[in-house]
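Reader: I'd like to go through the charged pairs and the strand pairing with you. Could we have the structure on screen before we start?

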Amino acid sequence: MSTPLWVIVPAYNEAARIGATLDALAAQTDTDFTLLVVDNGSTDETAAIARQFHGPFPSYVVVEREKGVGCAVDTGFRHAIAAGAVHLARTDADCLPAPGWVAAARAALHESSGLACGRITARRDEHGPFGRAFFRTLVVLAASFGRIRPAHRGPEFKAPYRMHAGNNMAITAELYEACGGMPRRPSPTDRTFLNRVRRTTPAIVHSRHMVVANSTRRIKAYGVVGTAKWYLDRGSGVRTADPR
C-alpha cells in the first residue's frame, strides 16, 4: 500500500527522541502519506521503535549502513521514488513537525512543482528562553552569511539563495532525480543539495506554514561558542543529524 506523498525520516541512534517525532507525524492534520524511516546503522533501539510504531498511514523502515545523513536521505528518497512516490517530504528523527506541516508541504509543492522549504524553530522541551533565543539568532546569522557567500551568487543559479533546512523540506520526485539528488558526500550536504536544485530550476518556494521544531541539544554539547562556529561554518542550512 502506497501514496503519492512520502515522508522520509533519516535516523541514527535517536531512540530517545524518535518516538516524539513519530507521534508528531501521527498527529498531522493531513495523514494521506507513507512514512519511511531510514535507520543509518543505529546501535540503539531506533529501528525497533520505528518498526513497532503504528500510525494512521503506511510506514516502513529501511537500513542504510553507509554512514552519513546524505547517504540515509538519498537512500530513503530513491526507495520512495522506486515505490511510486511523486512528492517527497523530509524531517529528522529529533524534530517535531507542527500539526499542519504535511498539509503545508503538499500545498507548497502544488504551488511550485519544485522544492519547498519551511520555517524552523527551537524545541521548547530542551532549553529555556535563552537557548531558544540563541537558536533563533544562529539561524538568522547563518542565513545572512549564506546569502553573501560568493559560492552562492554565481550566474549558473536560476533562483536566489535562501537558507534551506534539510529537516524541513519537500520536493517533487521529478526534480529530485533531475538535480542529481542529495549528495551522499561531502558534508554539508544540505547546502550542496540546495545549490544543485538552484542550478536546475527557479521553482523554489518558502512556506512559513511548514514549521518544524528543531533540537537545540548542540548548545549543551558544544557550548555557545562551539555551536555558533558549527552553524556559521556551514553558513547555509541547519542539519540535525549528529556528526559522524
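Reader: Let me begin with a single side chain: is glutamate 64 buried or exposed?

Author: Bear in mind that this is a predicted model. In it, glutamate 64 is buried, since its relative accessible area is 13%, which falls under the 20% cut-off for that class.

Reader: And which residue forms a salt bridge with glutamate 64?

Author: The partner is arginine 184, and the closest N and O atoms of the two are 3.2 Å apart. The pair links distant parts of the chain, 120 residues apart, with arginine 184 in the loop between α6 (173–179) and α7 (189–200) and glutamate 64 in the loop between β3 (59–63) and α3 (69–82).

Reader: What about arginine 184, how accessible is that one?

Author: Arginine 184 has 25% relative accessibility and therefore counts as partly exposed.

Reader: Which other side chain does arginine 184 meet in a salt bridge?

Author: Arginine 184 also meets glutamate 66, with an N to O distance of 3.2 Å. Here too distant parts of the chain are linked, because glutamate 66 sits in the loop between β3 and α3 while arginine 184 is in the loop between α6 and α7, 118 residues apart. Glutamate 66 has a relative accessible area of 37%, so this residue is partly exposed.

Reader: Changing the pair, what does arginine 90 form a salt bridge with?

Author: Arginine 90 forms a salt bridge with aspartate 190, and their closest N and O atoms are 3.5 Å apart. Because arginine 90 lies in strand β4 (residues 87–90) and aspartate 190 in helix α7, the pair ties together parts that are 100 residues apart in sequence.

Reader: Are those two, arginine 90 and aspartate 190, buried or exposed?

Author: Arginine 90 is buried, with a relative accessible area of 1%, and aspartate 190 is likewise buried, at 2%.

Reader: Which residues end up in one network through shared salt-bridge partners?

Author: Glu64, Glu66, Asp74, Arg78 and Arg184 are joined into one network by salt bridges that share partners. For the overall tally, the count comes to 8 salt bridges.

Reader: Back to β4, then: which residues are on each side of that strand?

Author: His87 and Ala89 are on one side, Leu88 and Arg90 are on the other, and all of them are buried, so that both faces of β4 are covered. As background, in a regular strand the side chains alternate between the two faces of the sheet.

Reader: Which strands does β4 pair with?

Author: Strand β1 (residues 5–11) runs parallel to β4 and is joined to it by 4 bridges, with leucine 88 as the bridge partner of tryptophan 6. β4 also pairs with strand β7 (residues 169–172), in the antiparallel sense and over 4 bridges, and there the bridge partner of leucine 88 is isoleucine 171.

Reader: One last strand, how many residues of β8 are buried?

Author: In strand β8 (residues 204–214), 8 of the 11 residues are buried, so this strand is largely enclosed by the rest of the structure.

Reader: And which strands are joined to β8?

Author: Strand β5 (residues 96–97) is joined to β8 by 2 bridges and runs antiparallel to it, with proline 97 standing opposite valine 212. Strand β6 (residues 115–122) runs parallel to β8 and is joined to it by 7 bridges, and in that pairing arginine 119 stands opposite valine 211.

Conventions: Residues are numbered from 1 along each chain as its sequence is written. This is a predicted model: local features need pLDDT of at least 70, side-chain atom pairs count only at pLDDT 80 or more; totals for chains, interfaces and linings use all residues. Side-chain values use heavy atoms; hydrogens and water are left out. A salt bridge is a side-chain nitrogen of Lys or Arg within 4 Å of a carboxyl oxygen of Asp or Glu. Buried means under 20% relative accessible area, exposed over 50%, partly exposed in between (1.4 Å probe, protein chains only). Two strands pair if DSSP finds at least two bridges between them.
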